[in-house]
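Please open the structure in your viewer and keep the selection tool at hand. The tour below proceeds from one selection to the next.

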Amino acid sequence: MAKNPDIEIVGERENIRVALISHGESLGRCEEERFMVYFTTFVAVCGSFAFGSGVGYSSPTQDAIREDLKLSLAEYSVFGSILTFGAMIGAITSGKIADFAGRKGAMLISSGVCTAGWLSIYFAKEAVLLDVGRLATGYGMGLFSYVVPVFIAEISPMDLRGALTTINQLMIVTGVSVSFILGTFLNWRTLALVGILPCAILLLGIFVIPESPRWLAKQGRQKEFEASLKRLRGKNADISVEADEIQDYIETLERLPKAQVFDLFQRRYLSSITIGVGLMICQQFGGINGISFYTTSIFESAGFPSDIGTILYAILQIVITTLGAFLIDRAGRKPLIIISAAGLAFGSLLTAASFFLKDMKHETEAAPALAIAGILVYIGAFSIGMGAVPWVMMSEIFPINVRGVGGSLVTLVNWFGAWACSYTFNFLMNWSSYGTFILYAAVNCLAIVFVIKVVPETKGRTLEQIQAAINS
């Protein structure tokens, strides 16, 4: 009997409609089940925003604070730079605190210390209380810089881990930009109170979100481990495979002796240390903190309006970091950081050309255009990869038994590099303005070689698979 073609077409359309409805319902359930991962990440990155607020605070408030408290330039310089020393102390203690008190406990402590620091700045009548507050906020930032990316990496499914961890960097640059913009029309004491807001949100949210399941498993808290993983993956999710993999890997690590700092230099961990420390050296010694701290003076020195340049800088940083968060789990970590380093080298060379023309008195009308192009290329390239990827990989490469001491060491290297770069920038510029940027270009070229030769791709792999491969 011949089939009716009209009936066949109607049947096919009905099958397609049912399939589409089923797919839509599946996506809806998936997003619903992942709500807790997204919400937990949001609470955690309030710490990243607080971090950025602290970094951005000193730039727009310099004149007002010096005038109100009658500070000399040297006294204000202490206020600005003591943040980095507080962060280094925070970095040294971050791993121990996060291992002892838990990831949530470390963020709770960090929020409390930052809040106390901001209040100290708000009530300051003289330099001492101002500096104590700045040191405290720096300490909290040092804790946040380690524990937030590690916590996000430990709670995320592998297909979202890169994107969610990159939000850490996005919120840092957003905090810097918001602090800078608000500082143009808010009193410096009011701006200090604004710095408390992300800490307050985190302090409230920390009591709602689950603890890291990997940390709970390491502590032997089996029921809490399974409950945390279930909340993060959704009530209908099958967590048995992931839970078994985490448990088996931690049981293997528990047979090893308790890790100390010097244990990191054993052969089994040497690859992780080399990758983590190497990426932070590439990130910091490529010039980012010298350029970001002195953006205004760079534009002024090159003859470009500093207010326009700084606004463009802030907007581009946020937009490109958002794009990087979208790409990191699609393009992968390694391609992004190679492209980023190449862009950093090119941006540095453009800026060097600007200063060279200005110094040599040749075609000086081209110098401002080259300066703005160079700095914007530089910050765009940094934001797409070098800003976030080292922190993402730091949270991925260390086995959980050495993650505390390993992460502390890597974070300390980062903060020391930030201080060294910002401290030496003016000396280098006095030596040779264009030579400074040629030097940064050379460092970024070396970074490309390092990433190609040493750094593995971690996209699409569980933390346990990554660590087993690196440290085998």
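Select Phe437 and Tyr440: both lie in helix α19, 3 residues apart, which is about one turn of the helix. Helices here are DSSP runs (H or I, at least four residues), numbered from the N terminus. This is a predicted model, in which local features need pLDDT of at least 70 and side-chain atom pairs count only at pLDDT 80 or more, while totals for chains, interfaces and linings use all residues. Residues are numbered from 1 along each chain as its sequence is written, and side-chain values use heavy atoms, with hydrogens and water left out.

Phe437 and Tyr440 form an aromatic pair, edge-to-face, at 6.0 Å centre to centre and 90° between the planes. Rings of Phe, Tyr and Trp (its six-membered ring) pair if their centres lie within 6.5 Å; planes under 30 degrees apart count as stacked, over 60 as edge-to-face and the rest as tilted. Both Phe437 and Tyr440 are buried, a term for under 20% relative accessible area (exposed is over 50%, partly exposed in between; 1.4 Å probe, protein chains only).

Next, add Phe355. How far apart are the ring centres of Phe355 and Phe437? They are 5.7 Å apart with planes at 5°, so this pair is stacked. Phe355 belongs to helix α15 (residues 333-360) and Phe437 to helix α19, so the pair ties together parts that are 82 residues apart in sequence. Phe355 counts as buried at 3% relative accessibility, and Phe437 is buried at 1%. With Phe425 added, Phe355, Phe437 and Tyr440 form one aromatic cluster. The structure holds 11 aromatic pairs.

Now display helix α18 (residues 403-431) beside helix α19 (residues 433-454). Their axes come within 6 Å and cross at roughly 130°. The axes are lines fitted to C-alpha atoms over the stretch in contact, with angles from 0 to 180 degrees between N-to-C directions. The two helices are therefore oblique to each other. Among the residues making the contact (heavy atoms within 4.5 Å) are Phe425 and Trp431 of α18 and Phe437 and Tyr440 of α19.

Finally, turn to the largest nonpolar core, which has 83 residues; Phe437 and Met107 are among those with the most contacts inside it. Such a core is a set of buried Ala, Val, Leu, Ile, Met, Phe, Trp, Tyr and Cys residues joined through side-chain atoms within 4.5 Å. Helix α4 (residues 127-155) gives the most to this core, with 10 residues.

Notes: Angles under 35 degrees count as roughly parallel, over 145 as roughly antiparallel, 65 to 115 as roughly perpendicular and the rest as oblique.
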